[in-house]
Amino acid sequence: LSAGVCCCCAALRPRYKRLVDNIFPEDPKDGLVKADMEKLTFYAVSAPEKLDRIGAYLAERLSRDVVRHRYGYVLIAMEALDQLLMACHSQSIKPFVESFLHMVAKLLESGEPKLQVLGTNSFVKFANIEEDTPSYHRRYDFFVSRFSAMCHSCDQDPEIQTEIRIAGIRGIQGVVRKTVNDELQATIWEPQHMDKIVPSLLFNMQKIEDIDSRIGPPSSPTGGEKEENPSVLAENCFRELLGRATYGNMNNAVRPVFAHLDHHRLWDPNEFAVSCFKIIMYSIQAQYSHHVIQEILGHLDVRKKDSPRVRAGIIQVLLEAVAIAAKGSIGPTVLEVFNTLLKHLRVSVDFELGDRRSSAGSATFSTSSKDNDEKIVQNAIIQTIGFFGSNLPDYQRSEIMMFIMSKVPVLGTTSQSLDSSQNGFVYP
């Protein structure tokens, strides 16, 4: 009698629940029941208004299985979700996507690495799906934060650590691809998101052993290398992010780079800083090159009181950026570049003279060392000015030369510079 009641109860259950239950075998090792999955997919396509209920019920089952550590059934549920996402593209898929993202979030929040990787893989598949209609209210703030945290995994097992970091980078790449082409998702470029995404990528890029081999235009690593090496995957994601940046959000993507280099003291030595900005200059659209040069000049002003070697490291980065920028792309900032460099040249000379006066008659090794460091700064500035000037059109060179002569420090004079009015030129 009880068995008959159970059968009656099962028959009274909604059809979508019965179809969902049937895809789960008694033994999870048997995997998804393909025949019943085809029935569920056909039902979902035929009755798209039921998608939100199917998603909610799958989410309920998955949450219960995660709590009970029944990971075999979790794998089956996520496989079913992936297939439904790929098969259904109607307007009714929006509520289903919300259930799907809720389940992915559950997996990412779990402490089990396998579930975190599983959730990331499903999210990446979802990110590659082009939806028929835009989403007005969907936000990816949680996923940006979670994937960024995974990029900094410090698991004691090196293999698990690498696996989680790769998943985090792939997740960030998925968020970027899903949002940058959607005008309604412009918030991905806001500073609070870029301040998480960019440092996470740079953190993994620092693991590159041979920096020189990574410099240059975007490469095409093999699929195996891309998957196995977090640094290579992070660099490719960084290039893709910069390549999608537009006029309005370019600075938000570049400024976190300065913060990362400052925080980790990577200006001296500056090999990684140089490689980062070479990647930036090669990846962005050519017409935005002057934005990056302006940001470097601004950061040089911010760090003007730092040690000479730090300033020299920033100036060398500027030199590399100018070397990559085309002649026409740096036109709007020509005068600003020369004015800023000459100002820092004068500051460096003043520092050197001040140290000499303060240590007159009692020169020490430390003072001599500091003087030498200032010489490094001055040489870097002069080299940058020379290289920059050589890339100017002929009609600008003579004017820039007079401008330099009006600003260059002259030892032995009271003003330490020539009066620009004597040359017939008036500059701001």
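The following exercises, with worked solutions, concern the aromatic rings of a predicted model.

**Exercise 1.** Classify the ring pair of F123 and F147 as stacked, tilted or edge-to-face, and state where in the chain the two residues lie.

*Solution.* A pair of aromatic rings is described by the distance of the centres and the angle of the planes. For F123 and F147 the centres are 5.4 Å apart and the planes stand at 55 degrees. Stacked pairs need planes under 30 degrees apart and edge-to-face pairs over 60, so the pair of F123 and F147 is tilted. As to location, F123 belongs to helix α7 (residues 113–127) and F147 to helix α8 (residues 141–151), so that this pair, with its partners 24 residues apart, links distant parts of the chain.

**Exercise 2.** Decide whether F123 and F147 are buried or exposed.

*Solution.* The cut-off for buried is under 20% relative accessible area. F123 has 0% relative accessibility and therefore counts as buried, and F147, also at 0%, is likewise buried.

**Exercise 3.** Carry out the classification for F258 and W267, and add the burial of each residue.

*Solution.* The ring centres of F258 and W267 lie 6.3 Å apart, with 25 degrees between the planes, and the pair is stacked. F258 has a relative accessible area of 5% and is buried; W267, with 3%, is buried as well.

**Exercise 4.** Identify the aromatic cluster that contains F126, and find which charged end sits over the ring of F126.

*Solution.* The cluster consists of F100, F123, F126, Y140, F142, F143 and F147. Over the ring of F126 sits the charged end of K178, 4.3 Å from the ring centre.

Conventions
Residues numbered from 1 in each chain as written. Predicted model: local features only at pLDDT ≥ 70, side-chain atom pairs only at ≥ 80, totals over all residues. Heavy atoms only, no water. Phe/Tyr/Trp six-rings, centres within 6.5 Å; stacked < 30°, edge-to-face > 60°. Helix = DSSP H or I, 4+ residues; strand = E, 2+ residues; numbered from the N terminus. Buried < 20%, exposed > 50% of the residue type's maximum accessible area, 1.4 Å probe, protein only. Lys NZ or Arg CZ within 6 Å of the ring centre and 35° of its normal.
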